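Biologist: Before the discussion begins, please display the model under review. The questions will then proceed region by region.

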Amino acid sequence: MKLAILDRDGVINEDSDAFIKSPEEWQAIPGSLDAIARLSRAGWRVVVATNQSGLARGLFSMDTLNAIHARMRRELADAGGFVDAIFICPHGPDDGCRCRKPAPGLFEDIASRYDTSLQGVPAVGDSLRDLQAATALGCTPWLVRTGKGPRTLQAGGLPAGTRVCDSLSAVVDELLAGD
Ligand SMILES: [Mg+2]
Ligand SMILES: [Zn+2]
């Protein structure tokens, strides 16, 4: 099984320091939906792993998050793409949960859902915490220069073996070239 794990904010859609709190605020990064569609057409399973502490902070409800994801799935379907599943951490930074990245819980859940090792599975993020959670399970970390990516790159300290690309579209170019 070819599996790819994507962060959401700053990878698929434009990030906002004020959080994405409504479907209207969810705006795809140019090329990202087409990139996922290319993976889908090539037989990859694409899953999303996303910290959504706005839930714990009371900025939006689970119903609203579902509406945001319905918009994402609809636009993605229009582009010919499909996301298999969305794994969410709903907690805040002080909740001590096991799923808020950089903790590895979401990736553990993915490994168990698909009953597979994540060794070498590409995981794409724009923040250090995405890459740290990914490498804990043996994924190959990919950093994009969208969203918080430029800041992350400048701060340094990336996990060994991190691949850096301009965007999700550029990551997918490389993944499909290596298929
Ligand atoms: Mg992000
Ligand atoms: Zn959590």
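Modeller: This is a predicted model. A convenient starting point is Gly120, which counts as partly exposed because its relative accessibility is 43%.

Biologist: In which loop does Gly120 lie, and with which residues is Gly120 in contact beyond its neighbours within four places in sequence?

Modeller: Gly120 belongs to the loop between helix H3 (105-113) and S4. The C-alpha atoms of Gly120 and Ala4 are 9.9 Å apart, although 116 residues separate them along the chain. Once neighbours within four places in sequence are set aside, the contacts of Gly120 are Gly138, Cys139 and Thr140.

Biologist: Is Val121 buried or exposed, and what are its contacts beyond four places in sequence?

Modeller: Val121 also lies in the loop between H3 and S4. The residue is classed as buried because its relative accessible area, 10%, falls under the 20% limit. Its C-alpha atom is 9.7 Å from that of Thr135, 14 residues away along the chain. Beyond four places in sequence, Val121 is in contact with Cys139, Thr140, Leu3, Ala4 and Ile5.

Biologist: Which residues coordinate the magnesium ion (ligand 1)?

Modeller: The donors follow the spacing D-x1-D-x116-D along the chain. Their distances to the ion run from 2.0 to 2.2 Å. The coordinating residues and atoms are Asp7 (OD), Asp9 (O) and Asp126 (OD).

Biologist: How many residues apart are Asp9 and Asp126, and why do Asp9 and Asp126 count as buried?

Modeller: Asp9 is buried because its relative accessible area is 13%, and Asp126 is buried because its relative accessibility is 1%. Asp9 is located in the loop between S1 and H1, whereas Asp126 is in the loop between strand S4 (122-125) and helix H4 (128-136). The pair thus links distant parts of the chain, with a separation of 117 residues.

Biologist: Which members of the largest nonpolar core touch the most other members?

Modeller: This core has 26 residues. The elements that each supply at least two of its residues are strand S1 (3-6), helix H1 (32-41), strand S2 (45-51), helix H2 (62-79), strand S5 (140-144) and helix H6 (168-177). A second, separate core has 19 residues, including Ile5 and Cys139. In the largest core, the members that touch the most others are Ile12, Ile36, Val124 and Leu168.

Biologist: With which residues is Ile36 in contact beyond its neighbours within four places in sequence?

Modeller: Ile36 is one of the buried residues of H1, together with Ser32, Leu33, Ala35, Ala37 and Leu39. The cover over the buried residues of H1 includes S1, S2, H2 and H6. Beyond four places in sequence, Ile36 is in contact with Leu6, Ile12, Val46, Leu76, Phe82, Val83 and Leu168.

Biologist: At roughly what angle do the axes of H1 and H2 cross?

Modeller: From H1, the residues that meet H2 are Leu33, Asp34, Ile36, Ala37 and Arg41, and their partners in H2 are Glu75, Leu76 and Ala79. By class, this contact comprises five nonpolar, no polar and three charged residues. The crossing is right-handed. The two axes come within 9 Å of one another, and the crossing angle is roughly 65°.

Biologist: Which residue just after H1 takes a positive phi, and of about what value?

Modeller: The position concerned comes just after H1 and is occupied by a glycine, Gly43. The phi angle of Gly43 is positive, at about 90°.

Notes: Residues are numbered from 1 along each chain as its sequence is written. Chains are lettered from A and ligands numbered from 1 in the order in which they are written. This is a predicted model: local features need pLDDT of at least 70, side-chain atom pairs count only at pLDDT 80 or more; totals for chains, interfaces and linings use all residues. Side-chain values use heavy atoms; hydrogens and water are left out. A nonpolar core is a set of buried Ala, Val, Leu, Ile, Met, Phe, Trp, Tyr and Cys residues joined through side-chain atoms within 4.5 Å. Buried means under 20% relative accessible area, exposed over 50%, partly exposed in between (1.4 Å probe, protein chains only). Contact means heavy atoms within 4.5 Å. Axes are lines fitted to C-alpha atoms, for helices over the stretch in contact, and angles run from 0 to 180 degrees between N-to-C directions. A crossing is left-handed if the near helix is turned anticlockwise from the far one by less than a right angle, and right-handed if clockwise. Ala, Val, Leu, Ile, Met, Phe, Trp, Tyr, Cys and Pro count as nonpolar, Asp, Glu, Lys and Arg as charged, and the others, Gly among them, as polar. Donors are N, O and S atoms within 2.8 Å of the metal (3.2 Å for Na, K and Ca); water is not among the atoms, so sites may look incomplete.
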